[in-house]
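Here are a few exercises to work through with the viewer open. Try each one before reading its solution.

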Amino acid sequence: EFDFAARVGRVEPSATIAISNLAGELEADGVDVVDLSVGEPDFPTPENVVEAGKAAMDAGHTGYTSSNGIPALREAISEKLAADGLDYGTDEIIVTPGGKQALYEVFQTLIDDGDEVVLLDPAWVSYEAMAKLAGGSLSRVDLAPHDFQLEPALDDLAETVSDDTELLVVNSPSNPTGAVFSDAALEGVRDLAVEHDVTVISDEIYKEITYGVEATSLGSLDGMGDRTVTLNGFSKAYSMTGWRLGYFAAPKPIVEQASKLHSHSVTCAVNFVQHAGVEALTNTDDAVTEMRDAFDERREMLVDRLDEAGVDVAVPDGAFYMMLPVDGSRAGSDPDDDHAWCEAAIEEAHVATVPGSAFNAPGHARISYAASEERLREAVERLVDADLF
Ligand code: PLP
């Protein structure tokens, strides 16, 4: 018997695993599964970025780098953030192997046993896990009754945030809903954060992927510069999931503490990957626009198809996810049992989705539309044919 640490006992394996296991089993049996469960762009990494990575390897950039990241990349990040209205110097940035590691370091740096972390539901699965791993206690505000928007939920947020709140996590555009929060909503967050002296994580990993709206950077609001940790990564905007590159920018005292964790755990992000990151930040405008336009077309097509099928979705303004309401449908007739709906979707229609419960949003299923239009059409057809709406 192993005597496990309490922290690992506090978290569950990712809820998406059951679905991807089922999908894997079906595919092994030769079944054609439309997999809409993955949070990953279906485009290759832009060619010039791949070339920059190769060139960096050839040039011998294969050793350790300075722990917080190569100066050229921190410089490029600082400039990118400045373009978003954010003022972070290169000594206020840590480059990490993926945005997930950045989040992990921030939680570990700020959260002690019992510290309150406020999440906006539906929330990306890993926030809860990271808060719990750090020993934090969770308070949650539900945006589901408000079409996933924050502005109409500001009163609820005001009731939840108090002087005891240590950290609030804001993710706009949101995974899993695709919601982009209004400036008025972000100003509401600012007022509460200032009043109660709360640090806020602004997870902006989908910021470059919006449709006709801009996702404002929370840290650009008056009063937020010295209390916002801005987090981003290369996985989504530049289709670089497997490269594992991300970063966070934070007031210097936070970076000073977090860099201890960073240097004693990962040492640094991969050297040649950081060089590819410079190319991604400085020379991919056209590739990003192309991917965004493709997501946009799929989004519109999907909303239309679902509408024809009688499914009324909250139309996402960003990212590449959509929440399907599945309560009241045949397989989801128990409003909380979105697991049953997702199981039926994969077993009967061979369409893989993620139960909303994974994001604390029962009665929904998340789909990713980072798939070809043809496969998306096929998915809706199959779900309709299997009588799942
Ligand atoms: N934040 C959100 C909201 C995400 O959806 C993801 C990935 O799914 C991440 C952060 C982390 O991505 P990565 O570690 O690939 O940078």
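**Exercise 1.** Which histidine follows helix 12, and what is the sign of its phi?

*Solution.* Keep in mind that this is a predicted model. Step one: go to the end of helix 12, which covers residues 338–348. Step two: read on to histidine 350, where phi is positive, near 55°.

**Exercise 2.** Stay with helix 12: which of its residues are buried, and what do they pack against?

*Solution.* Start with the cut-off: a residue counts as buried if 20 or more other C-beta atoms lie within 10 Å of its own. In helix 12, that picks out Asp338, His339, Trp341, Cys342, Ala344, Ala345 and Ile346. Next, look for their partners. Two are helices, helix 2 (16–28) and helix 13 (373–385). The others are strand 10 (351–352), strand 11 (354–355) and strand 12 (364–368).

**Exercise 3.** Split the protein into domains and describe the side of domain 1 that touches domain 2.

*Solution.* First, the split: domain 1 takes 6–44 + 286–385, and domain 2 takes 62–282. Their C-alpha centres sit 25 Å apart. Now the contacts: 31 residues of domain 1 meet 32 residues of domain 2. On the domain 1 side, helix 11 (285–308) and strand 9 (321–325) each chip in at least two residues, with helix 11 giving the largest share, six. Sorted by class, that side has 18 nonpolar, five polar and eight charged residues.

**Exercise 4.** How many residues surround the ligand, and which are closest?

*Solution.* Count the shell: 13 residues, with Gly98, Gly99, Lys100, Gly233 and Ser235 the closest. Then sort the shell by class: two nonpolar, nine polar and two charged.

Note on methods:
Residues numbered from 1 in each chain as written. Predicted model: local features only at pLDDT ≥ 70, side-chain atom pairs only at ≥ 80, totals over all residues. Near = placed C-beta within 6 Å. Nonpolar A, V, L, I, M, F, W, Y, C, P; charged D, E, K, R; others polar. Domains from an automatic or database assignment. Contact = placed C-beta atoms within 7 Å. Helix = DSSP H or I, 4+ residues; strand = E, 2+ residues; numbered from the N terminus. Buried ≥ 20, exposed ≤ 12 C-beta atoms within 10 Å, placed from the backbone.
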